[in-house]
Amino acid sequence: MLDLLKIEWLKLKHYTAFKVMAIFFTVGVFALNYIVYSVNENIVNNVPGAGLVSFSPYNFPNTWQSTSYTTGFILVLPALLLLMLFTNEYTFKTHRQNIIDGLSRQQFIQVKIVMSLIFALVSTLLVLISALIFGLASGTAFSLHGIVFVGYFFLKALSYNIIAIFFSVLVKRTGFAIGIFFIYMGSENILSQLLNVLSIKMKSDSNIDLGNIGDYLPMNAADALLEFPDNPIKSMSKAIMPTDYTWIVFVLAILYLVIFYYWSRRKFINADL
């Protein structure tokens, strides 16, 4: 596997899109969290009456959840990069050449899966560093309580990456694959919102609490594990909102991850080159 990863690195290191998107993502992690941190410190805390509410998203232990939640909005960047890298293999026929040169189909798709894992790990490392920086800057006592949300972030990052690989294998052409990937994301988000409205209506009208049904969709399952930390406003809205069945969402997120992994692998191994 190490030799295969070295081959992948040779493909990556001179690829301009990789350098640009890696820089954008790395800077984006810290910049996005700094914006939220700065807004809270300089605007929210200066609103009259804000002192009556004891809440700061980047205090320990909130920093783990806040940083993971905020960074989640740009996880589409590494997923998009993976999609471009994989579909370029089809465009330039390098996947066929690699297999002619002795690589098995299983090895080829497996190294792509490992790349998605590495991308997710690097993204998670950046979140850890960012959470520590802003948490320490808040002046509160260090705490590991809530670090589970960083694990949820890793699951979300890996889910996005595996789904991107699935669309790469399914569509093969870069432009079409990117378009369908974004169309799917947008469509699922719209459907999720509609289902969540239905969930609220079912609870208020019939006292049937199935949780937020929209969170049970493939990409939204990983998304739903990461929410902004509990605060007074969020607590007041919980009375009318369906129950958060985190364990169901977590199980579904893992299940979808496994399904897309095996689906992508099977599709590539059995498809025509």
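## A walk from Ser199 to the aromatic pairs

The side chain of Ser199 comes to 3.0 Å from the backbone nitrogen of Ile213, a polar contact in the sense of two N or O atoms within 3.5 Å, where within protein one must be able to donate a hydrogen and the other to accept it, and where residues adjacent in sequence count only if both atoms are side-chain atoms. This is a predicted model, in which local features need pLDDT of at least 70 and side-chain atom pairs count only at pLDDT 80 or more, while totals for chains, interfaces and linings use all residues. Residues are numbered from 1 along each chain as its sequence is written, and side-chain values use heavy atoms, with hydrogens and water left out.

Ser199 lies in helix 8, which covers residues 174–206; helices here are DSSP runs of H or I with at least four residues, strands are runs of E with at least two, and both are numbered from the N terminus. With a relative accessible area of 2%, Ser199 is buried, a word that stands for under 20%, whereas exposed stands for over 50% and partly exposed for what is in between, using a 1.4 Å probe and protein chains only. Apart from neighbours within four places in sequence, Ser199 is in contact with Ile208, Gly211, Asn212, Ile213 and Pro242, where contact means heavy atoms within 4.5 Å.

Helix 8 also holds Ala177, which is buried because its relative accessible area is 0%. Not counting residues up to four places away in sequence, Ala177 touches Leu83, Thr87, Phe167 and Val171.

Leu83 and Thr87 belong to helix 4, and both take part in its meeting with helix 8. Two packed helices are described by the angle between their axes and the distance between the axes. Helix 4 (residues 76–91) and helix 8 pack at about 150 degrees with axes 9 Å apart, the axes being lines fitted to C-alpha atoms over the stretch in contact, and the angles running from 0 to 180 degrees between N-to-C directions. On the helix 8 side, the residues that meet helix 4 are Thr174, Ala177, Ile178, Phe181, Phe182 and Met185. By class, this contact has ten nonpolar, four polar and no charged residues, with Ala, Val, Leu, Ile, Met, Phe, Trp, Tyr, Cys and Pro counted as nonpolar, Asp, Glu, Lys and Arg as charged, and the others, Gly among them, as polar.

Phe181 and Phe182 appear again in one aromatic cluster, together with Phe166, Phe167, Tyr184, Phe260 and Trp263. Rings of Phe, Tyr and Trp (its six-membered ring) pair if their centres lie within 6.5 Å, and planes under 30 degrees apart count as stacked, over 60 as edge-to-face and the rest as tilted; by this rule there are 23 aromatic pairs. One of them joins Trp9 and Phe18, which are edge-to-face because their planes stand at 85 degrees, with centres 6.2 Å apart. Trp9 is partly exposed at 46%, whereas Phe18 is buried at 17%. Tyr37 and Tyr58 likewise make an edge-to-face pair, with centres 5.8 Å apart and planes at 75 degrees. This pair links distant parts of the chain, since Tyr37 is in helix 2 (residues 16–42) and Tyr58 is in the loop between helix 2 and helix 3 (62–71), 21 residues apart.

Tyr58 is also in contact with Thr70, as are Leu32, Asn33 and Val36, leaving aside neighbours of Thr70 within four places in sequence. Thr70 sits in helix 3, is buried at 5% relative accessibility, and reaches the backbone oxygen of Ser66 with its side chain at 2.8 Å.
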